[in-house]
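Student: I have the sequence and the model open side by side. Could you take me on a close look at a single part of it, and then show me how that part sits in the rest?

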Amino acid sequence: RIMKPKLKTCLLTILLLGVMQAARAQTISCPDTNNYTMGVEALRNNNPEEALEYLNKELEDNPDNGYALAWIAFVRNYHGEYGRALTAADLAVKKIPENDKEYRAFAYVVRAEAHAAFGENEKALDDLTSAAGETPDDVEIYGKRADLYCYMGKYDLAEKDYRKVISIDPDNVLGYMGIGLIANAEKRYEDAIELFDYVTGLAPEYSSGYSFRAESYIGLRRYEEAVEDIARALAVGYDDKAFSLMQEVPDSAMAPLVEKLRMQSAENPGNGYWPYCLGAVYEAQGAYRTAIACYMDSQKKSPSSVTAYRISNCYSETGDFASALKHIDFAIALDSTDYGYIMAKADLLYESGDAEAAISELDRYVAHYPEFYGGYYRRGFYKDNSRDVDGAIEDYTMSIILEPAFAYAYLGRGDMYSLKGDSVAAAEDYRKVVELDTVPGCNSCAQYAWLGLGQKDKAVDFMNKVIENDPDDAGNYYDAACLYSRMGE
């Protein structure tokens, strides 16, 4: 889906709200050493790097300070350093006094988040259960556990926890929202609407109540009401879900949606958000020229790298690569830290016929993300199509080393080995593709591998199953055309 412009919010402040309240509420004496105090103060001031420096100094002097360890684990999670977060949280759970329930619960929650980041959901659940045992009236912990149950598809357990939240805090919006989300997931849309009605009455300025109710209305094909809720959610809180849903409404509901967006734009003439929304809707429809005009209007009012990227993408869809490159360069100038734009520029250069320049851009991308398999795969693909066979093999191999389950890299390398006349190595890679890609879908490539193995009937059968599973995906027919092209048909 089309991206929203980035809103400047302080994530750390949001994450800290609950735990800082718990820390203030607890009655146990925390350490009052200078480094610990300065570390916590740095967190209050949204400076995690400074906090980490002070807290590490505290551990040098007082290695048994479980409070410092808990906060260090928290900051490690914030930076995505989940292994180090687990190490610190493990020690924190052992070192924090058993009678300090709030901080022990905090340490369990931090460790749970690290476990969840590694996909260790059962361990995360165990930690959240331990946290709830420490502070049985903390609704945030039940909410986190319910969210994880939902992610795991355990809706009955999730609903039990959401109802626990409501039993502790009868006016808790997130408890009702959670139960409503489960109803939507189970396609019990009428039940969901009833819950979201209650939410919007309880918290009329909470945008998610409207956006998730819109999803329920869409499930029931009540598009007029869905459009009303989408527009309301966007107006109340620039709602992400509403932004996604507005790109999915059917053509029959598009005219009233566009009219509402135009009204908002007229009522807020200096706000670039509304013409951006219009651009997103038109782009989703394939009306690229109209989308460009809307995005240009948005860009004049609120310059954004994301908007520049969207303009570039629309020009690319029309085949105007010169204009597309011009605007992707604007995006890069506005945000040089987003290397996704470098990747996009490489794609544009390749599509416009300049493979050498595309590979040069990907050299920059790979240098910045040396451990991401996708950069090597893409560069290998460009080299593959530039007849740099050995260079392609080298990049495909690196992609495989970094992500051994990525079937396309084996397919690309197999094709290169085949070009070199190494039929044994090629067949080995093709067999690996077949082993990895067993479920026919829009991202499948096993059909090509079967053909590479000389089994034409299996290739065609697999391709037909891909189409049968999603006959409305145009890309599947393109893939079929590619397959028959390889066959010489």
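Tutor: Happily! Let's start with helix 13 (residues 223–237) and helix 15 (residues 251–267), which pack at an angle of about 25° with their axes 10 Å apart. Please keep in mind throughout that this is a predicted model. An angle under 35 degrees counts as roughly parallel, so helix 13 and helix 15 are roughly parallel to each other. As for handedness, helix 13 passes helix 15 in a right-handed crossing.

Now look at the residues in between. Helix 13 brings Y223, V227, E228, I230, A231, L234 and A235 to the contact, and helix 15 answers with S252, A253, P256, L257, K260, L261 and Q264. Sorted by class, the residues of this contact are 10 nonpolar, 2 polar and 2 charged.

Stay with helix 13 for a moment, since G237 is found there too. Is G237 buried or exposed? Neither label fits: with a relative accessible area of 38%, G237 is partly exposed. If you follow the chain 55 residues from G237 to I292, the C-alpha atoms of the two are separated by 25 Å.

A second helix pair makes a nice companion to the one we began with. Helix 7 (residues 121–134) and helix 8 (residues 139–151) have axes that come within 9 Å and cross at roughly 160°. Here the cut-off is over 145 degrees, and helix 7 and helix 8 are therefore roughly antiparallel to each other. Helix 7 passes helix 8 in a left-handed crossing. On the helix 7 side you will find N121, A124, L125, L128, T129, A131 and A132, which meet I141, Y142, K144, R145, L148, Y149 and Y151 of helix 8. The contact of helix 7 with helix 8 has 10 nonpolar, 2 polar and 2 charged residues.

Next, two individual residues to click on. P275 is found in helix 16 (residues 273–285). Because its relative accessible area is 2%, P275 counts as buried, the limit being under 20%. Leaving aside residues up to four places away in sequence, P275 touches S265, C294, Y295, D297, S298 and K301. Of these partners, K301 is 26 residues from P275 along the chain, and the two C-alpha atoms are separated by 9.3 Å.

The other residue is D395, which lies in helix 23 (residues 389–402). D395 is buried, with a relative accessible area of 2%. Again not counting residues up to four places away in sequence, D395 touches Y376, R379, G380 and K383.

Finally, zoom out to the whole protein. The protein has 28 helices and 0 strands, and its C-alpha trace spans about 75 × 55 × 45 Å along the principal axes. Of its 489 residues, 49% are buried. Taking contacts between residues at least 6 apart in sequence, 51% join residues at least 24 apart. On confidence, the mean pLDDT is 93, and 94% of the residues reach 70 or more. One stretch calls for a separate mention: over residues 3–27 the pLDDT is below 50, and this stretch has 44 contacts in the model beyond near neighbours in sequence.

Notes: Residues numbered from 1 in each chain as written. Predicted model: local features only at pLDDT ≥ 70, side-chain atom pairs only at ≥ 80, totals over all residues. Heavy atoms only, no water. Helix = DSSP H or I, 4+ residues; strand = E, 2+ residues; numbered from the N terminus. Buried < 20%, exposed > 50% of the residue type's maximum accessible area, 1.4 Å probe, protein only. Contact = heavy atoms within 4.5 Å. Axes fitted to C-alpha atoms, helices over the stretch in contact; angles between N-to-C directions. Parallel < 35°, antiparallel > 145°, perpendicular 65-115°, else oblique. Left-handed = near helix turned anticlockwise from the far one by under 90°. Nonpolar A, V, L, I, M, F, W, Y, C, P; charged D, E, K, R; others polar. pLDDT = per-residue confidence, 0-100.
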